Amino acid sequence: MIGIFKKPGDEKSEAVFNNFIKELEKQSLEFKSVGKDFGADLSLLVVIGGDGTVLSVAKRAADFSLHVLGINAGNVGFLSAFEAHETEACAYSLKNGLTEVEKRAMLKAECNGKVCYALNEVSVQRENSDGMGGCTLPVSLKIDDEVCDSFRGDGMIIATPTGSTAYSLSAGGAVLSPDLNAFIATPVCAHSLTSKPVVFSSERTAEISLSDGYAGSVYCDGRFFSEIDGKSPLIVTKSDKFTLLIKSKRGFFKTLRVKLGG
């Protein structure tokens, strides 16, 4: 059974959904519309929307080892295998077994006794409020208990190869090929001449801490996760969960050129 999750309240996603189910019916494929509470009864999860929509269901899909196929009804669509106008080709590919899946590494973040998972990135950001929370943050990064960097700035991003084309890229980070077993730590607006993005093995542990008296927020794939202060470091490791993402036939580097306008 194919489950279809579409971005709620979005007209374009609704139109793409209607076109797609017509194509599935032509191919005599079983499907049903699902919400975020989808379960293990599915054989595949099709996500119609932008990258944010895919990210919103990635962890639950990983819990059930579901293959995820994105149809881009958003803006960039790095995580999508098909574009909005390719619903016929998508249904045909599903019917004839022409899709290919790849494992995308996820992050596990631990802070203040809580745990979250992210496909793109985990980030520490300064608060946009009055007082100490609105100041630049004194950030320290350790990799396997070895100090890697210390600086004042707006925060720090730990990104997967999948997330290296998102927030990390905007902050000056390098693009990592999805098949690399590596993560990237990218400073955000560091007030320093020497603080630069660092690529490290995904088997290592990253720890982000703040100096005493300072506070910030931790986000997983753009969603608030936890507060952080000088007494509560953030620990980021490779998760034992994976997102099983259907690949685009364009290939990763062609997708980069097309999506980034090169």
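## Helix α5 and its buried side

In this predicted model, the buried residues of helix α5 pack against two strands, β4 (67-72) and β5 (82-83). The helix itself spans residues 252-259, and its buried residues are Thr255, Leu256 and Lys259. Because these residues cover an arc of only 105° around the axis, they lie on the same side of α5. A general rule helps in reading this pattern: an α-helix has 3.6 residues a turn, so residues three or four places apart point the same way.

## The other face of α5 and what follows

The face of α5 that is turned away from the buried side carries Phe253 and Val258, both of which are exposed. After α5 comes Gly261, a residue whose phi is positive, near 80°.

## Strand β9 and its surroundings

Strand β9 covers residues 137-143, and because six of its seven residues are buried, the strand is largely enclosed by the rest of the structure. Which strands pair with β9? One of them is β10 (residues 146-153), which pairs with β9 in the antiparallel sense over seven bridges, and another is β14 (residues 206-210), where the antiparallel pairing with β9 runs over five bridges.

Individual residues show how these pairings are arranged. Lys142 has Val147 as its bridge partner in β10, while Leu141 stands opposite Ile208 in β14. Together β9 and β10 form a hairpin with two residues between the strands, and Asp144, which lies in the turn, has a positive phi of about 50°.

Definitions and conventions
Residues numbered from 1 in each chain as written. Predicted model: local features only at pLDDT ≥ 70, side-chain atom pairs only at ≥ 80, totals over all residues. Heavy atoms only, no water. Buried < 20%, exposed > 50% of the residue type's maximum accessible area, 1.4 Å probe, protein only. Helix = DSSP H or I, 4+ residues; strand = E, 2+ residues; numbered from the N terminus. Arc of directions from axis to C-beta. Contact = heavy atoms within 4.5 Å. Pairing = 2+ DSSP bridges.
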